[in-house]
Amino acid sequence: MMYEVPFIVVILLMAVGLYIVLFKKNLIKIALGLSLLETGVNLFLIALAYRHGDRLSAPVFTSQILGGTDPTYSLPTPHALTLTSIVIGVATTALLLSFVMQLYKKWGITTTDEMRRLK
Amino acid sequence: MMDAYDTFINNAPALAVAIPLIFAFSTPLVSKLGDRVRNIFALLGVLIPSLIIFLLAFDVLSSGGMETRYYVFGSDSSTRFPLVGGHILRIAFAVDGMSVFMGLLISVVALSAVIYSMAYIRRYSGLDKYYSLLLLVFTANLGMVLTGDIFNLFVWFEISSVSLSALTAFKANRGESFEGAAKYLIYASVAGLFFLIAIGLLYGQYGHLNIKFLSSAIGGNEEMMMVDKIALGLLVTVFALKAGSVPMHMATPDAYGEAPAPITAMFVTASQASLYAIFRTGFTLYGSNLTVTGETLHILGYILVALGILSMFVGVTMALVQKDIKRLMAYHAISQTGYMLLGVGVGLAVLDTAQFAEYGRTAMTGGIFHIFNHALYKGLLFLTAGAIIYRTGTKDLNKMGGLGRDMKLTALFFIIGALAIAGIPPMNGFASKLLIYESVFKFNPIVGAIAMLVSLLTLASFVKVFYAVFMGPRRSEFKGGEVPASMLTGMAILGGVILVFSVFPSLVVTSLVDPAVNALTYIEGETTRSLTLFTGSGSWNTLVFLGAVMVAGIIGLLLFMMGNKGTVPKGEGRKPYLFGNPTEIEGRPIVVPASNVYWGFTTALSKYYKPTEKAHSALFNDYMFWFVATAALLISIFAFLEVLT
Amino acid sequence: MERMSSVVRTITKVAFGPIFIFGAYIILHGHLTPGGGFQGGALIASVMALYFVAFGDERWKKKLMSTLESIGLLTFASAGFLGLTAGFFFFNFLAGSKIPFFNEQIPSMEGFVHPNWAPLFSAGTVSVMNIAVGLEVVVGITLVVVAMGLFSFAGKEGE
């Protein structure tokens, strides 16, 4: 049960993020929703990394090395994936916010309702 | 010397990506030396990787193209995949016939785009960033088609999305470009996150990221697991979105229409690279053991056919009513993407059955050949649209006219592109569409008929553009004559390749397309080298066709010379016939505005057009709805269809 | 963007050094402890942004920043490229080599006291890449933050 808790949080975060992107019309809120969605996905990757069992894999650290008994360990690859995804997320969010700012400057708009000139 | 060449070829996949990356990063530094230096530098940044891809393609294709070559980063490629406790730690590139096919296509279009940019974009500031991002898009597209690692694919996917949307907003004086860029960026980012979920599912299940290892792990199961099916649904939706398939196409015309013309050509290659990713997903990731995944792949084939028909039809009908020249062409890009989805979808739907040899392979050949043709003629058409906008300063078809008198070369390139996209013989578009028509007709006659109908509507739409832009009396407001030489060179590269492909379609098919199909399906087809292209039930030879046209032309000329030369039309016969709704605009002779040309057609089909135009609401939340709904639909089809039957 | 009150400026002066050094520590120890170029770079970028916000934008050297950004990216790509000298892309040609640059030998495991125990300058190109990424992230995020700040304060043309 303990190992399922992160996945429940993942589903909650992603549901909230998707809800915002689907139904909220404020552009800043959409950017926030995108960030929430991304956090959910990142948490999903991190949650995947935690494995319970014998040490059968890549150079990972368990407490067994130091003489402990807990066989839980963490795979390094998903951490690398998450870091990459965070970096991409930062770039995306920064670019999106600058677009939103420019839209506000040019047209004075903040919602998707008004962002409908391309038709 | 031979050794040095071998080392070079072994490292070529990595060099092809690393060199443009280094050029992209140093462009801002080099820009300080002057505009001319920067332009040449950017050109070299595309030219050198293109040469590397060309040599690599030559090497890969000379050994048949079916064998996959791996390039492992950071270690000896000969030890292949160093495993640590069953987990691969390194990123690998995988190169086969299909990869180099896509690589060649991307190089040709990028080369013409960068040459074209030199004059087209000269008037703007911030050009160091423009060229830097252009090279980054080029790198990302190459990376997408060369990589053999699914997470690496995600990274290239995102780099291409982010750089393309930044470039879409390049014309920073217009609010519209920010609207298009923002829509495309959010859409592509959400798609990227869905892609990441799929990667997470596959990694969590199998502990691999390498496509080859994932593929054998998926094929090693007793039957397909639910995780595989959900991941497949997500992957197909995401790539279909970036390829611009209906119903997730809404952001495509927004971004294509607002980006500078060379960037729109790069958009085309990016969407082709996503199509490549769909095909890799279907054939390579899920295709290692067809006894396990065969059923699901057939379903995927039918889904691709359905998406293809929708894209073709909705794309072309929406294009007919556009009055912005680049939006119109963007809808045509969507419509043409449908042909590729249709062709490869048919191949996938009958994969591993008796029908595959009968018509499935021909359909795939047509679909994949069409990818190359599409990138060429669509790139050319977008570049001509850019030339038109460069001269007229407007994108509105209703405000143009009479350009054919001063821009004869642009008009010529436009005609080449328009004939090719409409599939008029003897152009290359006809050769690939013929392969699709004939094989799809055997698959399902109605689908074949729709494909031909869409071609007709495409022709109709480009007749309208040609009429509105090039015909009519010379306008005093569009001065300046032909566009600068660098823009013409960019168009000439694509136009020249189109002509070569048109005259020798069968040679292109045997030397480029067949290896690509072999590499995808792992089935070696028969290849016969001849100048005639065989479609299974028919054949096509451009030279014979051109000969016949020439004979007919000579006969026509003889008949003309036999006639009475003195006849001059009189009275009503001298007036031009105008269809549509001719309107009088002040200070100009009576003309039919471009948006009225197909007034009768659109009015007759108003029952179709009203709901369709309402669905294209330009409201971003609706875009997201279509994406999420399609993802949900595809996942449930994959997950539950077998349970029900 | 104008300079802020003397309270903010004093606090910034005090906080600048420690945060900067902590960021540098995270970057340099990227191969030993959690963290690396991006995390440390983000830390330093935050303090750089604080600096520009507190002291105003007259010290804002945009051209220098752009150049540094390119240099960071180029260093990263070149570190991958130079691996070719040993035959493969991204090959760690520095670690354990004779080039006196991040090439310290890792001693045998007998002195093992901690899982991440290794000399600081032993990681070869990994450290070089961490530093390059750190530089790039510092400059990149500072550019973004300050450009947005400039935009929202003065309504000037942003980045």
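B:Pro426 is found in the loop between α14 and α15 (428–443) of chain B. In this predicted model, the bond that joins B:Pro425 to B:Pro426 is a cis peptide bond, with omega at about 10°. A cis peptide bond also leads from B:Val246 to B:Pro247, where omega is near 5°. B:Pro247 lies in the loop between α8 (226–243) and α9 of chain B.

Two residues of chain B that are not glycine have a positive phi. For B:Asp352, phi is about 70°, and the residue lies in the loop between α12 (325–349) and α13 of chain B. B:Asp352 counts as partly exposed because it has 17 C-beta neighbours inside 10 Å, a count that falls between the limit of 12 or fewer for exposed residues and that of 20 or more for buried ones. For B:Ala618, phi is near 65°. This alanine is found in the loop between α21 (606–615) and α22 of chain B. B:Ala618 is likewise partly exposed, because 17 other C-beta atoms lie within 10 Å.

The loop that holds B:Asp352 is followed by α13 of chain B, and this helix packs with α14. Two packed helices are described by the angle between their axes and the distance between the axes. For helix α13 (residues 354–392) and helix α14 (residues 408–422) of chain B, the axes come within 9 Å and cross at roughly 145°. The crossing of α13(B) and α14(B) is left-handed. On the side of α13(B), the residues in contact are B:Asn373, B:Tyr377, B:Lys378, B:Leu380, B:Leu381, B:Thr384, B:Ala387 and B:Ile388. They meet B:Thr410, B:Phe413, B:Phe414, B:Ile416, B:Gly417, B:Ala420 and B:Ile421 of α14(B). By class, this contact between α13(B) and α14(B) comprises 10 nonpolar, four polar and one charged residues.

Chain B also touches chain A, with 38 residues of chain B in contact with 39 residues of chain A. On the chain B side, the elements that give two or more residues are α5 (150–168), α6 (175–206), α9 (251–258) and α22 (620–644). The most comes from α6(B), with 17 residues. The side of chain B that touches chain A has 23 nonpolar, 11 polar and four charged residues. Two of the contributing helices, α9 and α22 of chain B, border loops described above: α9 bounds the loop with B:Pro247, and α22 bounds the loop with B:Ala618.

Chain B is in contact with chain C as well, through 13 residues of chain B and 14 residues of chain C. By class, the side of chain C that touches chain B has nine nonpolar and five polar residues, and no charged residues.

Chain A consists of 119 residues, of which 31% count as buried. Its secondary structure includes three helices and two strands, and from the N terminus on these elements run α-α-β-β-α. Among contacts in chain A between residues at least 6 apart in sequence, 53% join residues at least 24 apart. The pLDDT of chain A averages 84, and 82% of the residues score at least 70. Within chain A, confidence is highest in helix α1 (residues 5–23), at a mean of 93, and lowest in strand β2 (residues 72–74), at 70.

Key
Residues numbered from 1 in each chain as written. Chains lettered and ligands numbered in written order. Predicted model: local features only at pLDDT ≥ 70, side-chain atom pairs only at ≥ 80, totals over all residues. Contact = placed C-beta atoms within 7 Å. Helix = DSSP H or I, 4+ residues; strand = E, 2+ residues; numbered from the N terminus. Nonpolar A, V, L, I, M, F, W, Y, C, P; charged D, E, K, R; others polar. pLDDT = per-residue confidence, 0-100. Axes fitted to C-alpha atoms, helices over the stretch in contact; angles between N-to-C directions. Left-handed = near helix turned anticlockwise from the far one by under 90°.
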